[in-house]
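Work through the exercises below with the model open. Each one has a task and a stepwise solution.

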Amino acid sequence: MRNTVDMVDDPEYEEEEEPSFSDPEDFVDDVEDEELLEDILREKPQETDGIDSVVVVDNVPQVGPERLEKLKNVIHKIFSKFGKITTEFYPEADGTTKGYIFLEYSSPNQALEAVKNADGYKLDKQHTFRVNLFTDFDKYMNISDEWDPPAKQPFKDFGNMRHWIEDPDCRDQYSVIYEAGERTAIFANDAKEPILAEERARWTETYVRWSPKGTYLATFHQRGIALWGGEKFKQIQRFSHQGVSLIDFSPCERYVVTFSPLMDTKEDPQAIIIWDILTGQKKRGFHCESSAHWPIFKWSHDGKFFARMTQDTLSIYETPSMGLLDKKSLKINGIKDFSWSPGDNIIAFWVPEDKDIPARVTLMQMPSRQEIRVRNLFNVVDCKLHWQRNGDYLCVKVDRTPKGTQGVVTNFEIFRMREKQVPVDVVEMKESIIAFAWEPNGSKFAVLHGESPRINASFYHVKNNGKIELIKMFDKQQANSIFWSPQGQFMVLAGLRSMNGALAFVDTSDCTMMNIAEHYMASDVEWDPTGRYVVTSVSWWSHKVDNAYWVWTFQGRLLQKNNKDRFCQLLWRPRPPTLLSADQIKMIKKDLKKYSKTFEQKDRLSQSKASKELVDKRRTMLEDYRRYREEALKNYQEQKSMRLELRGGVDTDELDSNVDDWEEETIEFFCDEKIIALDDL
Amino acid sequence: MKPILLQGHERSITQIKYNREGDLLFSVAKDTVANAWYSVNGERLGTYNGHTGAVWCVDCDWDTKNVLTGSADNSCRLWDCETGKQLALLNTSSAVRTCGFDFSGNIIMFSTDKQMGYQCYLNFFDLRDPQQIEDNNPYLSVPCNESKITSAVWGPLGEFVIAGHENGEISQFSAKSGEALKKVKEHTKQINDIQSSVDLTMVITASKDNSAKLFDSTSLENIKTFRTERPVNSAAISPIKDHVVMGGGQEAMDVTTTSTRIGKFEARFFHAAYEEEFGRVKGHFGPINCVAFHPDGKSYSSGGEDGYVRIHYFDPQYFDFELEA
């Protein structure tokens, strides 16, 4: 073994030039630090970091040294909830604490939490904490004395935003998207044929939505959404939200909520944004994990509140402040689903079974948070909440596995909202439920149940005497969806998509089938807001051929078939609620005969005008055509000699020009077919 | 009306044609077979055997002496109508798409497809000159450089041929010089069929753009347009009334996604002057590929993708029917 100490360089190793690892002479570094180290730089300590984590608590009891320790413990207990307190400072003067203290947390977020939650905390009768960020003092003290009044925005007159309601013939409008999304058009619905109001190419990139009262049309674009309205559909407002995919309006049309899966960072929640429609301002942004059940935020019927459900929590916010109601969310363990009553500020929610506690449905009044009604349910698998449109009834569809059985049965728990103490009646259903729908302004509901091909449609009436009566059941129906007229009484049972578009028009006042028809491969059914017309359509999004929308009367009489190249979607424009009082409506109904006389006259006039127009058009077309044929015939006759020449003198102008050529023949005609098996012979 | 069903083909019908007097109906199909039937009772007269590929077109001369067929086996054949004997075989370099006798029955034309490097040609042979047939040497061969010819008929006096092209154009080619006399573009997609009125003064074109149009044969002026929501495969003009009949369907691959309930493929009747549809006849199990009126206008026939030819005799109501005007 060689002595390692005296080892010399291996003579056989040749010194090679080590490659140079430095940049070439003229290299200019063009990669910014921000790009390379973005995430690291974000955590670079800022000069103000320390200050950002400091909060000032005011209205702290002024105590002497003997009670200081106790005070500090109390403060600690309250404020360590929001994070780790790294430093605390209790300034003193004249032997007692001054009444305000400074607390430093380990991060600015914790300080924010403290401000959010502890501000307003009542320690005792005389001391309510005021908590603020230390940096806020600086900010507010440094407000400039000079105040620049905001520049006056020029008034944009969009004209009469309710123009379409003033149509003298009361035609409702609807939007149509066709040519696979390239063209969007607005039509006024007339029984004879649609009247085009507006048509634009590439108005929207995906689809459109109307606002709940019909004032705005929202279109989608890569950069956000735009709202259009007024007589000429001018652009009213624009909201920038990159990659927006879903929107929702508040019922009062004051706010619009947009969702984009792209824009969400930890510091600045941007997935869901709530905008004020009139000013165009962004009111608040929220995080969102998934858009699975849009709308994530559900609005109360008057737009005063909106709420969302997250794990074990129900967060209710109020407008216009956009802040949490009572500054805190409701903790509801296991909450599975909730919804607002469409008529009152009541939330219904349900929680599943938890060990010994049965599943239950709760009705809670807002903003008082008073529980109006709680209903316990046993052996529950799932619940679905169905409100009647006026909030008069709530139906909870409960799927349960009764003890000792394997199968799932369904109960409808009907909550009578208008009666004292909200009594609940139960309807048991023996078969699996395919669809359920309340009559919008009445007390009936329709259920589709059973398994294909034996699907039954049942109609129930929730009576005042506490009973729920089965009015009628139609069996062997080809239906998978229920569409009530928005005015009630009439409805369509439809077998959409896989059921090939079977349609049944029902009058529920006596549960009769007014008409049974079909729109092959129909994918959608839409009632107009007045309940006079129904549109069935075959959307290009679900079926690539025969894209069209058909217009029917509410009784099921087919009025029009409108084929549109690659038709995608039709949406009726909603109407704002009526301005007439209940008394006025009664008066009009009483005098209806008087009004209908004038309307019928008008209809007859327009009908005859149309047929007269048609007849005139046809007459002109026929005359032109005849004239053309006469000319052609004249030329034809002039060429007769040439024809004779070409056919060797044989006159073939008429079929019977050459009777001499005819022969007599006997022809056999096939009459009957008899099959005789040879064995029998 | 109860139709007579002709079952003589195993694959889809490509064309049907009546002879001038209407007693015979010829049908050709993709199964290489060409049939001749008695139109009065549906009895088959006979078959013209010889083609080895799908037969695309058929025509009969004015005297019902000769029958002309064109096929995807790259040949155009002349037959004796009564005996079925093959009289002439004209080989071509690509499939023969359309063929026809002129008014006199002496000159035949046929067009070949643009395939496998070969151009689309419109060829003319004079049957009075047997040398042309023997040498397979047409007296006129017109190359069609732009859009290929998909359908063609002779003009009124054998002076020109009216051709429909793949791009929707209609043109007139002189039978003497081969010059393109006129060209119009009214349709936006391929012309599937052209048929003349019985006096040859008008032609009706059926196009994949879901419409059929009526043109004046000489001026190529677009007189009328008939619109539907499906591609129109064939159209014909009634000899006695101001009616046209149209048959169509959709691309074969879309067939199963539309209403395929039995017999739902319909022939549609339009009023020629008002351009309005007034009737439909169901019955075919697949798209209709060809329609034709009987020369006396009392019946019409249709051949479909389902391989059936249906002959319909009109009820008395059809002749009395009038649209309010």
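**Exercise 1.** State how many helices and strands chain A has, and what share of its residues is buried.

*Solution.* The model is predicted. Step 1: count the elements. Chain A holds 9 helices and 45 strands. Step 2: take the 681 residues of chain A; 41% of them are buried. Step 3: turn to the surface. The accessible surface of chain A is about 42,100 Å², and carbon and sulfur atoms hold 50% of that area.

**Exercise 2.** Describe what chain A and chain B bury between them, and find the elements of chain A that touch chain B.

*Solution.* Step 1: size the interface. About 3,300 Å² is buried between chain A and chain B, with 60% from carbon and sulfur atoms. In chain A, the residues that lose the most area to chain B are Arg618(A), Tyr625(A) and Arg647(A), together 22% of what that side buries. Step 2: look for charged pairs. There are 4 salt bridges between the two chains. Arg626(A) and Asp242(B) form a salt bridge, with the closest N and O atoms 2.4 Å apart. Step 3: assign elements. Helix H8 (592–638) and helix H9 (640–646) of chain A each give two or more residues to the side that touches chain B. H8(A) gives the largest share, 13 residues.

**Exercise 3.** Place strand S12 (residues 120–126) of chain B among its partners.

*Solution.* Step 1: pair S12(B) with S11(B). They run antiparallel, joined by 5 bridges. Met109(B) has Phe124(B) as its bridge partner. Step 2: pair S12(B) with S13(B). These also run antiparallel, with 5 bridges. Leu122(B) is partnered by Val142(B). Step 3: check cover. In S12(B), 6 of the 7 residues are buried.

Technical notes. Residues numbered from 1 in each chain as written. Chains lettered and ligands numbered in written order. Predicted model: local features only at pLDDT ≥ 70, side-chain atom pairs only at ≥ 80, totals over all residues. Heavy atoms only, no water. Buried < 20%, exposed > 50% of the residue type's maximum accessible area, 1.4 Å probe, protein only. Helix = DSSP H or I, 4+ residues; strand = E, 2+ residues; numbered from the N terminus. Pairing = 2+ DSSP bridges. Areas by Shrake-Rupley, 256 points an atom, 1.4 Å probe, with all protein chains shown as cover. Buried area = accessible area lost by both parts, 1.4 Å probe. Salt bridge = Lys/Arg side-chain N within 4 Å of Asp/Glu carboxyl O.
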